[in-house]
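Open the model in your viewer and keep the sequence panel beside it. This tour moves from stop to stop, telling you what to select and what to look for.

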Amino acid sequence: MQAKLRLVQVRAMALTAIALFLITGCADKVRVFSAPLPSEWGVIVDGTKGGAAVNDARYTDTDQTRTVGNFTSGGASNEEVTAFTNRRPLKLVENVNWTSDNDDVANVTFSPEISVPVAVWIVQGPFDDQRDLAIDHCVTTSGIWQDERMGVRFSQFEIIDATGDPDAATYADFNCTMQAGIEADIGQRANRINVYWVDTVDGGTGRGQACAFGSDFVAMGSTANDELLVHEFGHNFDLRHIDGQATFDMTNIMHSASSTRAFITEGQLHRAHLNDNSALNTTYGARPGEPTRTCAHNADTNDCPVLNTRIWADGAFPAN
Ligand SMILES: [Zn+2]
């Protein structure tokens, strides 16, 4: 009798130990690599969980490794992770092998920040004033890209005095029918976005034009607010306007008429980097060997996170 009771107690203890092991046991993980390691990073994860497809589950962490529960493969979702951090281009890791073990690790090695050269032609003077304005735009663009984890910086912001060009007056009042002419007559540096600072664009001194999505061209008006250039570069990177869309307002860089542009969603970063029409992939060839995708503005699919995907809050709009 005594021995039997002891046996039962031992079995109960063993069961408790197993239960504790399961509760405190391992989980699938995302692990990031970069030098230095990021102070904070975020990731969207696709896979299957508990038999259900999971698309774009969001996680953030300040450590190198983040647990994400038990993902498996073979369901209706993709198996992939897309990671974001400061001063690194987003990294998409496709075909993660999520197994039934809850001990899988998706390794993410961030690439160095993308460096892009830009040529700026001051077509309408006074040159000194317009050069200073261009530098203001450069500083503001760089700051927004850093704050919003764009992972792109200027390697060169060359400002050229074209005010003495005999053709300069022809392009003082610019519209997009003049694009080929201004490139031929004023000048054009190869393999980079060329920016032309004129007087008016489409009739306004505060306006700008990229003239096409994914172009390598920008025209800027003589009094443009200093956060207009990051907007036009957004068009170069294949981004569309967000005017009137729920969960967007004038603080997003892709509002068409604003002086408070500051934020870029992770859904927009995804398109700017991965869309094969983006100047990052065409003009700059800045992502060799990295995957590209064609994500329409309002696409919401396994391959394309919805445009308003936010791992972090953007002003009034919380992470979602
Ligand atoms: Zn625009």
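**Stop 1: a helix across strands**

Select helix 2, residues 127-147. Helix 2 lies across strand 8 (114-122), strand 9 and strand 11. Its direction makes about 175° with that of strand 9. Bear in mind that this is a predicted model.

Now add the loop between strand 8 and helix 2, where proline 126 is found. Look at the bond from glycine 125 to proline 126: this peptide bond is cis. Its omega is near 5°.

**Stop 2: helix against helix**

Keep helix 2 and add helix 4, residues 228-236. The two helices pack with their axes 8 Å apart. The angle between helix 2 and helix 4 is about 65°.

Which residues of helix 2 meet helix 4? Show His137, Thr140, Thr141 and Ile144. On the helix 4 side, show Leu229, Val230 and Phe233. Colour this contact by class: 4 residues are nonpolar and 3 are polar. No charged residues take part.

**Stop 3: the five-stranded sheet**

Hide the helices and bring up the open sheet of 5 strands. What is the order of its strands? Read across: 9-8-11-14-13. The pairing is mixed. Strand 9 (152-161) and strand 13 (208-209) are the edge strands. Each of these pairs on one side only.

Zoom in on strand 11 (residues 193-197) and strand 14 (residues 217-220). They pair in the parallel sense, over 4 bridges. Pick asparagine 194: phenylalanine 217 in strand 14 stands opposite.

**Stop 4: two domains**

Zoom out and colour by domain. Domain 1 covers 26-109, and domain 2 covers 114-320. How far apart are the C-alpha centres of domain 1 and domain 2? They lie 30 Å apart.

Now look at where the domains meet. Here 19 residues of domain 1 are in contact with 17 residues of domain 2. Four strands each supply at least two residues of the domain 1 side: strand 2 (41-49), strand 3 (52-61), strand 5 (80-85) and strand 6 (88-93). Colour that side by class and you get 5 nonpolar, 8 polar and 6 charged residues.

**Stop 5: the four-stranded sheet**

Select strands 3, 2, 5 and 6, in that order. They form an open sheet of 4 strands with antiparallel pairing. Strand 3 and strand 6 are the edge strands, each pairing on one side only. Neighbouring strands of this sheet are turned by 15° against each other on average, direction ignored.

Focus on strand 5 and strand 6, which run antiparallel and are joined by 4 bridges. Valine 81 stands opposite valine 93 in strand 6. Next, show helix 5, which packs on the sheet and touches strand 5 and strand 6. The direction of helix 5 makes about 85° with that of strand 6.

**Stop 6: strand 1 beside strand 7**

Move to strand 1 (residues 28-33) and strand 7. How many bridges do they share? They pair over 5 bridges, in the parallel sense. Valine 32 stands opposite valine 108 in strand 7.

Show the side chains of strand 7, residues 105-109. Ala106 and Val108 make up the covered face. Val105, Asn107 and Thr109 lie on the uncovered one.

**Stop 7: backbone details in the loops**

Follow the chain into the loop between strand 1 and strand 2, where proline 36 lies. A cis peptide bond joins alanine 35 to proline 36, with omega about -5°.

Jump to asparagine 95, in the loop between strand 6 and strand 7. Its phi is near 55°, a positive value in a residue other than glycine. Is asparagine 95 buried or exposed? Asparagine 95 counts as exposed because there are 9 C-beta neighbours inside 10 Å, and 12 or fewer is the limit for that class.

Finish at threonine 247, in the loop between helix 4 and helix 5 (266-274). Threonine 247 also has a positive phi, about 65°, although it is not a glycine. With 16 other C-beta atoms within 10 Å, threonine 247 is partly exposed.

Technical notes: Residues are numbered from 1 along each chain as its sequence is written. This is a predicted model: local features need pLDDT of at least 70, side-chain atom pairs count only at pLDDT 80 or more; totals for chains, interfaces and linings use all residues. A residue is buried if 20 or more other C-beta atoms lie within 10 Å of its own, exposed if 12 or fewer, and partly exposed in between; C-beta atoms are placed from the backbone. Two strands pair if DSSP finds at least two bridges between them. Domain bounds come from an automatic or database domain assignment. Two residues are in contact if their C-beta atoms, placed from the backbone, lie within 7 Å. Ala, Val, Leu, Ile, Met, Phe, Trp, Tyr, Cys and Pro count as nonpolar, Asp, Glu, Lys and Arg as charged, and the others, Gly among them, as polar. Axes are lines fitted to C-alpha atoms, for helices over the stretch in contact, and angles run from 0 to 180 degrees between N-to-C directions.
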